Amino acid sequence: MKPFIKMLNDAAEDPDVVSIKMTLYRVADRSKIIDALIEAAENGKEVVVLVELRARFDEANNIEMSHRLEDAGCQILYGLGDYKVHSKLCLITQKKGDSYAYITQIGTGNYNEKTSRLYTDLSLITANQAIGADAAKVFLALQQGETVDEVSELLVAPKCLQNKVLQMMDGQIANKKAGKEAYIGVKINSLTDKVLIDKMIEASQTGVKIDLIVRGICCLRVGIPGVSENISVRSIVGNFLEHSRIFYFYNDGNPEVFMGSADWMPRNLDRRVEIVFPVIEEELKEKALHILH
């Protein structure tokens, strides 16, 4: 959280930064993130903030926070009618000569300094311009009261997340049938989505090994002969609340690793705006897999 807040403060003062856009679901009572966004707006930056007023138990705090931001000159979006916006996304746009450059932050946890001390979460800060372009598409859709239909790098619910995960599971099934190595490793808070459960059962019946770390509710029964004997499920209870989500597909030695805000539940996949991002650099993949293992 500290490097992220420093980046926001730097962006608020950077003359090359033209805009900061963020989605906010839960924030701390005395939030340094809100202070940074207010400073950015007062310094003449375009600041667009989507505040989800339906964040359970945080409704009053979010209303008060949105008024503070609005008074400072920020443009406030109040979510989408049919979908909660649960994504953790920040996009900083800089003027670079005659063009623009993106710095994007995407995480698994809320922009909340208090809970960041108690939860295990993961955050990516990247200058990857393709990811930045996808994030810009997401914000444009949100500003128009819509959801994105297609992006190139990110996985974005409700329209292009579950189907992408199913495709990657199908890839593992195809590899196993072709005699190649296949494996799926997943760390999430909850697993209740029947579509993904059925696909994992199909993968298990094909012989794909699947390891699941599910902190809370899990509707997949493992160890059933001929059904789910290749799937293991465990829950970790430790000093900190396990909150990060990691999705790993072995892909015959060319591993694909993703992280994001979405649990595998119908509400997350069908009725929320969630963002899952690829981990591209090998060093970061190794860190993610170290956590998973």
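Reader: Let me start with one residue: is valine 27 buried or exposed?

Author: Keep in mind that this is a predicted model. Burial is read from relative accessible area, and anything under 20% counts as buried. Valine 27 comes out at 3%, so it is buried.

Reader: Where does valine 27 sit along the chain?

Author: You'll find valine 27 in the loop between strand S1 (17-24) and helix H2 (32-42). Now look across to threonine 115: it is 88 residues away from valine 27 along the chain, yet their C-alpha atoms are separated by 8.9 Å.

Reader: What about the chain as a whole: how many helices and strands does it have?

Author: There are 8 helices and 17 strands in the protein chain. Its radius of gyration is 20 Å, close to the 19 Å that the globule rule gives for 293 residues, so the chain is as compact as a globular protein of that length. Along its principal axes, the C-alpha trace spans about 60 × 45 × 35 Å.

Reader: And how many of the 293 residues are buried, as a percentage?

Author: That figure is 53%. Contacts tell you about the fold too: among those with a separation of 6 or more, 67% are between residues 24 or more positions apart. As for the outside, the accessible surface is about 13500 Å², and carbon and sulfur atoms make up 49% of it.

Reader: Let's turn to charges. What lets two charged side chains pair up?

Author: Side chains of opposite charge can pair when their charged atoms come close. In this structure there are 11 salt bridges. Taken over the whole chain, the 35 positive and 41 negative charges have mean positions 5 Å apart.

Reader: Which residue does aspartate 10 pair with?

Author: Aspartate 10 meets lysine 6, with N to O at 2.9 Å. Both belong to helix H1 (residues 2-13), where they are 4 residues apart, about one turn of the helix. Lysine 6 has 52% relative accessibility, so it counts as exposed, while aspartate 10, at 40%, is partly exposed.

Reader: Which parts of the chain does the salt bridge between aspartate 149 and lysine 159 tie together?

Author: In that pair, the closest N and O atoms are 2.9 Å apart. Aspartate 149 is in the loop between helix H4 (129-143) and strand S9 (155-156), and lysine 159 is in the loop between S9 and helix H5 (162-177), so the bridge ties together parts that are 10 residues apart in sequence. Aspartate 149 is exposed at 55%, and lysine 159 is partly exposed at 41%.

Reader: Glutamate 242 and lysine 187 form a salt bridge as well. Are these two buried or exposed?

Author: Glutamate 242 has a relative accessible area of 17% and is buried; lysine 187, at 4%, is buried too. Their closest N and O atoms are 2.9 Å apart. The bridge links distant parts of the chain, with glutamate 242 in strand S13 (residues 241-242) and lysine 187 in strand S10 (residues 183-188), 55 residues apart. Salt bridges can also share partners, and that is how Asp170, Lys199 and Glu202 join into one network.

Reader: Now the backbone. Which signs of phi and which peptide bonds should I expect?

Author: Most residues other than glycine have a negative phi, and most peptide bonds are trans. Here, the bond from alanine 157 to proline 158 is cis, with omega near 15°. Proline 158 lies in the loop between S9 and H5, and that loop also holds lysine 159 from the salt bridge with aspartate 149.

Reader: Where is asparagine 251, and what is its phi?

Author: Asparagine 251 is in the loop between strand S14 (246-249) and strand S15 (256-260). Its phi is positive, near 60°. Aspartate 252, in the loop between S14 and S15, also has a positive phi, of about 55°, although it is not a glycine. Asparagine 251 is partly exposed at 22%, and aspartate 252 is partly exposed at 38%.

Reader: One last residue: which residues does isoleucine 291 contact beyond its neighbours within four places in sequence?

Author: Those are Leu122 and Ile246. Isoleucine 291 is in helix H8 (residues 282-292) and is partly exposed, with a relative accessible area of 42%. From isoleucine 103, 188 residues apart from it along the chain, isoleucine 291 is separated by 25 Å between C-alpha atoms.

How values were computed
Residues numbered from 1 in each chain as written. Predicted model: local features only at pLDDT ≥ 70, side-chain atom pairs only at ≥ 80, totals over all residues. Heavy atoms only, no water. Salt bridge = Lys/Arg side-chain N within 4 Å of Asp/Glu carboxyl O. Helix = DSSP H or I, 4+ residues; strand = E, 2+ residues; numbered from the N terminus. Buried < 20%, exposed > 50% of the residue type's maximum accessible area, 1.4 Å probe, protein only. Rg over C-alpha atoms; globule rule 2.2 N^0.38 Å. Contact = heavy atoms within 4.5 Å. Areas by Shrake-Rupley, 256 points an atom, 1.4 Å probe, with all protein chains shown as cover. Lys, Arg positive; Asp, Glu negative; His and termini not counted. Charge placed at Lys NZ, Arg CZ, Asp CG, Glu CD.
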